[in-house]
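Welcome! Below are some short exercises, each followed by a worked solution. Have a look at the model first, then try each task before reading on.

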Amino acid sequence: MDRSDSDLSGRVDNVPGDTEPAAQLSVACEDAASSEGRAAEGTTHANMIARLADVSEADYRAGVYLAREAHQNTIFRDIPFSEAKARAIFDKATAQPNRFGLIYAVPGGDEPLAENGLYGFASVHAGEYFLGSGTLIATVQTLNISRHLSGNILGGKVALRLVQAIRKWAKERRCSHILVHVTNGLNVVESDKFFRRCGMRVVGGNYFEVV
């Protein structure tokens, strides 16, 4: 797949009904409420694009950098981060983009990504419902925003752009539903607020216990 085939670019717009970006969605949805109040202080980047990750080593290194950062901001941070597993996810997504989407939010332009250059990424998988057949559901395993964007308007726009890209990816694969898992265990209220403002509704919940 060449870069033009993997392009999910477009203008960064607010979700219908919003007059400013929704609550800041950072790696753990941190600072979400405060980001809304400080949105006017941020800097916009109209040339930001969303695209599928490519097979380059630069894309891999940028992805694993943000994945490692995201891991440190979940309730599972005591579990050692596995770069081997991160590599396997990256390789599967780049080899099978019709079923596994690794969507990057990046600066516009043709320069290779710096290791810390990702604005954010989302990982989504298209598969059948476990008790049904003939219909695909797009399941979002993770949506992460770089922590250095926390608290400014660009972080909120990155989150919105990734949601828009996920919807486009799912429609192109004729998925009937999008299902988002929120399992970082932190800032649950802010996560709920963000996805509701994106037009999604709650259909259940995740429950947690240490054994």
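Two residues are in contact when heavy atoms of theirs lie within 4.5 Å. This is a predicted model, in which local features need pLDDT of at least 70 and side-chain atom pairs count only at pLDDT 80 or more, while totals for chains, interfaces and linings use all residues. Residues are numbered from 1 along each chain as its sequence is written, and side-chain values use heavy atoms, with hydrogens and water left out.

**Exercise 1. Describe the chain as a whole.**

Step 1: start with the contacts. Of those between residues at least 6 apart in sequence, 72% join residues at least 24 apart.

Step 2: list the elements. Helices (H or I, at least four residues) and strands (E, at least two) are DSSP runs, numbered from the N terminus. There are 5 helices and 5 strands, and their order from the N terminus is α-β-α-α-β-β-β-α-β-α.

Step 3: turn to burial. A residue is buried under 20% relative accessible area, exposed over 50% and partly exposed in between (1.4 Å probe, protein chains only). Of the 211 residues in the chain, 43% are buried.

**Exercise 2. Find where the model is confident and where it is not.**

Step 1: use pLDDT, the predictor's confidence in each residue, from 0 to 100. The chain average is 79, and 77% of the residues score at least 70.

Step 2: compare the elements. Helix 1 (residues 32-37) has the lowest confidence, with a mean of 34, whereas strand 2 (residues 100-106) has the highest, at 96.

Step 3: mark the weak stretches. Residues 1-6 stay under 50, and the model gives them 7 contacts beyond four places in sequence. Residues 9-44 are also below 50, with 91 contacts beyond near neighbours in sequence. Where pLDDT is low, the predicted coordinates should not be read in detail.

**Exercise 3. Work out how strands 2 to 5 are paired.**

Step 1: apply the rule that two strands pair if DSSP finds at least two bridges between them. Strand 2 and strand 3 are antiparallel, with 6 bridges; Gly101 has Val124 in strand 3 as its bridge partner.

Step 2: move on to strand 4. Strand 3 and strand 4 are also antiparallel, joined by 9 bridges, and Ala122 faces Leu143 in strand 4.

Step 3: finish with strand 5. Strand 4 (residues 136-145) and strand 5 (residues 175-180) run parallel and share 5 bridges, with Ile137 opposite His177. The path between these two strands goes through helix 4 (residues 153-172), making a right-handed β-α-β crossover. Right-handed here means that, with the strands pointing away from the viewer, the path from the first strand over the helix to the second runs clockwise.

**Exercise 4. Is Ser123 buried or exposed, and what does Ser123 touch?**

Step 1: place the residue. Ser123 belongs to strand 3. Because 7 of the 9 residues of strand 3 (residues 120-128) are buried, this strand is largely enclosed by the rest of the structure.

Step 2: check the residue itself. Ser123 has a relative accessible area of 14%, so Ser123 is buried.

Step 3: name the partners. Beyond its neighbours within four places in sequence, Ser123 contacts Gly101, Leu102, Thr139, Val140, Gln141 and Thr142.

**Exercise 5. Is Pro80 buried or exposed?**

Step 1: locate the residue. Pro80 sits in the loop between helix 2 (57-71) and helix 3 (83-95).

Step 2: read its area. At 71% relative accessible area, Pro80 is exposed.
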